[in-house]
Amino acid sequence: MFQYEFMQRAFLAAGLISLIAPVLGVYLVLRRQSLMSDTLSHVSMAGVALGTVLHFSPILCGFLFAVLGGIVIEQLRRTYRSYSELPVAIIMTSGLALAMVLMSLKTSLNQSITSYLFGSIVAVSRTQLIIIAAVTLAGLLFFVLLRRPLYSLTFEEDTAAVSGVRVKLLSFAFAVVTGMIVAAAMPIVGVLLVSSMIVLPSAFALRFAGGFTSAAILAVATGMIGVFSGLSVSYYTDTPPGGTIALILVAILLVGITVKRVVKLGAKRRFAKTGTRRTAANPSYESNPSNVTEGALK
């Protein structure tokens, strides 16, 4: 598998984006903005369509549209403070409408845009690989250097503002980084599934991690497992890489939730049995549980 150069580029690109996309997902989920990644991917599709119609670089246009879409969403979020989901709906609708109109202007566009819809990681070029590497580096620096103000911003904007964080500037910077990561992830899983790489690993991590840092680390580990196993399965079974990666991430999430629920039920049953034995051994426990505590203390 690794004797082919396109597979080497595919695994390298997937590894890079899985370092940063799940971390972004943790922030988006905690900020109640998990649909933002899906929205920006649709906006990016409109940019790809415009670039194709104008005979300009579709990748660059898609990248710029995703970043601008993130900025507009943040501006609308501040306009509609009481309706936080409304900006996402507005931008998603606008992006889809613009993409449909542009696709109707050029009949050959329907075929060329298929790879952007479903992803074509095996066709990742050197230019795309460089862009993904640059976005990953910029994203990691952003999240590491600004982790404390971002943490405050994520949970309580008012408190962050009082503590000296430049909330508005940081929020717009976060929107720009989100657009960059979404655009960079598109070649791997496509427009329709880009949110799977961002949201699913973080959903799994937040279910099991005990803290914010551990959640970010677990999300990255989950994303890498899903991406690398998805690419391997896709290569040997000849299935679409994006869909395979998304299904594996969904399976990891479902298995994790099921295992945790089974363990929790088992713990409850063991606790119930232990409590029953204690009551049977000491009948006074049922009428006055404090007697057991007092006896134990003595």
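Biologist: How many salt bridges does a search of the whole structure find?

Modeller: Just to say it up front, this is a predicted model. The search of the whole structure turns up one salt bridge.

Biologist: What makes R77 and E74 a salt bridge?

Modeller: The cut-off is a side-chain nitrogen of Lys or Arg within 4 Å of a carboxyl oxygen of Asp or Glu. In R77 and E74 the closest N and O atoms are 2.8 Å apart, so the pair counts as a salt bridge. They sit three residues apart in helix α3, which means about one helical turn separates them.

Biologist: And how do you know whether R77 and E74 are buried or exposed?

Modeller: Buried means under 20% relative accessible area. R77 comes in at 17%, so R77 is buried. E74 has 3%, so E74 is buried too.

Biologist: Why is L54 called exposed?

Modeller: Exposed means over 50%, and L54 has a relative accessible area of 56%, so L54 earns the word. You'll find L54 in the loop between α2 (36-53) and α3 (58-79). Together with F56, L60 and L64, L54 makes a nonpolar surface patch of about 390 Å².

Biologist: Now for the empty space. How many cavities of 30 Å³ or more does the structure hold?

Modeller: One. The largest cavity has about 120 Å³ of space. Its lining takes 13 residues, with I59, Q128, A183, M186 and P187 nearest the centre. Helix α10 (167-189) gives the most to that lining, four residues.

Biologist: What makes up that lining by class?

Modeller: Ten nonpolar residues, three polar and no charged ones. Ala, Ile, Met and Pro are among the types that count as nonpolar.

Notes: Residues numbered from 1 in each chain as written. Predicted model: local features only at pLDDT ≥ 70, side-chain atom pairs only at ≥ 80, totals over all residues. Heavy atoms only, no water. Patch = residues over 30% accessible without salt bridge, like charges linked within 9 Å, V, L, I, M, F, W, Y side chains within 5 Å. Areas by Shrake-Rupley, 256 points an atom, 1.4 Å probe, with all protein chains shown as cover. Helix = DSSP H or I, 4+ residues; strand = E, 2+ residues; numbered from the N terminus. Buried < 20%, exposed > 50% of the residue type's maximum accessible area, 1.4 Å probe, protein only. 1 Å grid on protein atoms, 1.4 Å probe; cavity = no way out; pocket = protein on both sides within 12 Å on 5 of 7 lines; lining within 4 Å. Points joined across faces, edges and corners; volume = space filled by probe spheres on them.
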